[in-house]
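Student: Could you take a close look at the cysteines for me, and then put them in the context of the fold?

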Amino acid sequence: MSRISKNKYDNFKADRSKFPQMENGKAIIDLDSHKFTKLWQGPQHPGVTGNMAVELTISGDEIVQAKTHVGYLHRGFEKLLERRKYIQCFTIVCRICVPEPDTNEYCYSTAVEELAGIEIPEKAKWIRTLNMEMSRLASFLMWLGGQAGSLGMGAIGQWTVGMRDFWLDLFEEMTGGRIYHMYMIPGGVRKDLPEGFIMRAKHLVVETRKLLFDIEKSFFNNAIIKSRLKCLGIITPEMVDEYGIVGPNARASGKEYDVRMNNPYLKYPELDIKMITSMGGDAFTRAEVRYQEIHQTLDLISQILDKIPEKGEIQAKIPNVVNWKIPTGETYVKAESTRGEHGFYVVSDGTKYPRRVYNRGASYTQAISVLEKLAVNTSISDLAGLMVSLHTCPPEIER
Amino acid sequence: MSLKDIISPFNVWKRAAQKPWTIKDPLNDRPGADNYRGFHKNDFDKCVGCGTCEDICQNAAIDLVPVQTVETDMSDSGLRPKIDYGRCCWCALCVDVCPTGSLTMSNDYTWVTDDPEEYRFIPGADKMKWDDCEKGYKRAENFQLIDFDRIKMNELGVEERSSSFIEMVKGYSKEQAIEEAERCLECGICVARCPAHMDIPEYIKAIREDDIELAVQILYKTNPFSASCGRICTHHCEDVCSLAHNGEPIAIRWLKRYILDQVSPEEISKILKDIIQTNNKKIAIIGAGPGGLSAAYYLRLLGYEIEIFESNEKGGGMLRYGIPEYRLPYDQLDKDIDYIVSLGVKINYNTKISEEAKFNEIYNSHDALFISPGLWNSIPVNITGEELPNVISGIDLLNKVTNKEEIDLGSKVAVIGGGNSAMDAARTAKRLGADVEIYYRRRIEDMPADVEEIEEAQDENVKFFPQTTPLEIKKDGSGLKFIWGNNKMIYEEGKRPKPVLIKGETFETNLDTFIIAIGQNADLSFLPTEIRDNIETKWGKVVVNELGQTSVEKVFSGGDASNSKADAVSAIADGHKAAVGIDRYLNK
């Protein structure tokens, strides 16, 4: 743009003839005109967040229409749950989101506890809070690597995924599993923290902060990243409620909504936590908000590690799970995942099996309607970065 | 955009000089966490093949299969879990619900083999490289998904119960019973152990679903004495309950009682709707105890005409005359008997078969006979002074109490023996106002009586003198002088410890009454010589085949007189078995 002289720029008139004509808000795309090309990004493509596809109509390298296609990942979780006893479900719910399984575990377990009228012990609540924040951190680290990688900066991805692995080591110690923890179970948690865990976790918090310092220098203070992310995919404050956008995506557009503060659960009321918002609404602001939330999460982990009681029960008394019948009722439990409000609606009909389990993840709108709107007028090369900046997790779309 | 933004990204090179995080040999340098959910291990010594792991596995990755090295017995199904690693998701729910704690996981990460079939393996049977691995996932002690604690039974206080014959166990309420029934894992090991093979998991399920009618129907399929058995059964089923390995077994006996407590005698016939189609064949039964009556019940259902000969004035046998009222109230026993009688079973009370002619008449006028005379002869201790007037047998005492005869035991009573009869005699004597002492030749833990009977006797202030041998009884004024010696135990591997008298250590105690309760014998003198000579006996018991038939074709036998367990439920099982045997014999 700078190479075009002021004079020329004034007279510059883009050739819009290649763009589709609009009729009643819908683009008329005539592929026979040879002005447009259909291009599929995904389902097998490194620039796609998971198993989904975006069907693009491009003109040159500019996207004129985007359509999200899902269905590559459908495993029918919600239906599977209806045929399993309440206790058996916790092994499935975590699979709804691979990078951040614990939010599902928490929501499902809490929903069952609410329906059964069980209050879990204090220590179990602390451990769950720690688990949730650790899982947010691991998910954010993965996102950060993805965001940098989608713009061609592979080094950050290697650092953050490496660091995430150290956190997975801690998960392994704590829960017995690295990816699917299957740790929060209706009634409490399955194990107490192992010996020396708190020391190791505190040490890792320091190490992660050091890494974040390097990432700030190389990723956020980076001319290329800024030029590519700034003004990309702007979510205006008006769009937030209209599209049902939640989480960092909404907070980056000035929406003050965080489940941890608006509807506090677990031990969050006892922790020092402040809402992080910004007004930019573009991909770079979203990255900045997430970056600050990583710091916030590290801070919360430190607070929890200091406050977690040394002794205490980890499980409330529950009946024999083989014959566990939950009284009739329905409930909705939500929690803040890295992508925003994540909820479980559970209906029980008094039998051993849940009547209906419905899961609502933030990606449902963010990867379909929001992405389809924001992708228009961006270039193909920016689409991957845009998708990651919305932090999509396709399994949430097709439970 | 500033110059800083252009220079700053070069920071990435800083990390290029750092030591890499990658572990070169992860399998050796980085073992799994102590708690890692790796591959399965199964401790065959602990595993009983209950199948709870198979039930709970949401991937259906576990199958229970027979294993050559494991033998099926009363407390072990003989099956072991086979795990399909093509289906397993390593959630370790099977480990958490394992009631015996036999199933655990190692912390091993990898297993490579070129034969996919190997990924279906039986942990414990197939030797695996991680078998000796100490670390790995185990159920935490303070975490349990199955309920190991039994719902407490309401009982009369010690004071109240040791002075009266009111039933001491009050029974479960509906809520308690359902809660207790919810603990059941439905493994069914109890079914094999129960002599009558009652369908325990099914009736517990019926309680859980609050379907009492179905529960009653299930009970009567195998046991027409559920009101009684629900109170006094020796409940061996509870000994093998898979929950008993790490906690308290399901209160199977109390749950059975709960079912019958919910229905009145009239309701039983409405629920069962037993229809009899008479087939005009006649069966005689000698002895209206639990064995004789259950044979009568099942034979009657098959259409036979039943005539029972009973020497006492009421039916029930040992249940009435050998078990005190505070354990089994007579109205509950009557409830069981009345239903059987209501089906058209004829009982001749006060009919003792003492002459050969009478027996022969019965023998000839009926198509088959079932004899269940019970054990009524007390075994003597064989010491001097046993013939003295204040020396009585436990069974005599219980008999007299049932018949409401006048009994004067005096103030101090000694009971000799360690079985349930000895406990019953001692606790009955206690209720009659005496101070009671129990003498037994082995240790308390060797006593054949139920643990709860022993504990309850101790609670009621009955004093125990284990490792003692009676030596002599003398007359001392109006009372007795009892001389006894101390025993030491000699241990031999694989055998019960043997009591041996310590020479020179003798003691004396003054008593008013001495009760002998060391066991009873069958009295088969009612049988004509010809039949008695032909009937095979072993250790004083009538030998029968698997369907209750004796060596005299037409005569079947059951109950205490022929089985060595000498408890009510075995007698009931004998009766049911003989009913099948008689039916086959008469229709072959």
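Tutor: Counting a disulfide as a pair of cysteine sulfur atoms within 2.5 Å, you get zero disulfides over all chains. Take C133(B): this residue is in no disulfide, and the nearest cysteine sulfur, on C94(B), sits 16 Å away. C241(B) is unpaired too, with the sulfur of C187(B) as its nearest, 6.3 Å off. C241(B) also counts as buried because its relative accessibility is 9% (buried is under 20% relative accessible area, with a 1.4 Å probe and protein chains only).

Keep in mind that this is a predicted model, where local features need pLDDT of at least 70, side-chain atom pairs count only at pLDDT 80 or more, and totals for chains, interfaces and linings use all residues. Residues are numbered from 1 along each chain as written, chains are lettered from A and ligands numbered from 1 in the order written, and side-chain values use heavy atoms, leaving out hydrogens and water.

Now for chain A. Of its 399 residues, 60% count as buried. Its C-alpha trace spans about 75 × 45 × 35 Å along the principal axes. Contacts (heavy atoms within 4.5 Å) fit into that picture as follows: among those between residues at least 6 apart in sequence, 71% join residues at least 24 apart. On the outside, chain A exposes about 15,900 Å², with carbon and sulfur atoms supplying 52% of it (Shrake-Rupley areas with a 1.4 Å probe; for residues, only the protein chains shown count as cover).

How values were computed
Buried < 20%, exposed > 50% of the residue type's maximum accessible area, 1.4 Å probe, protein only.
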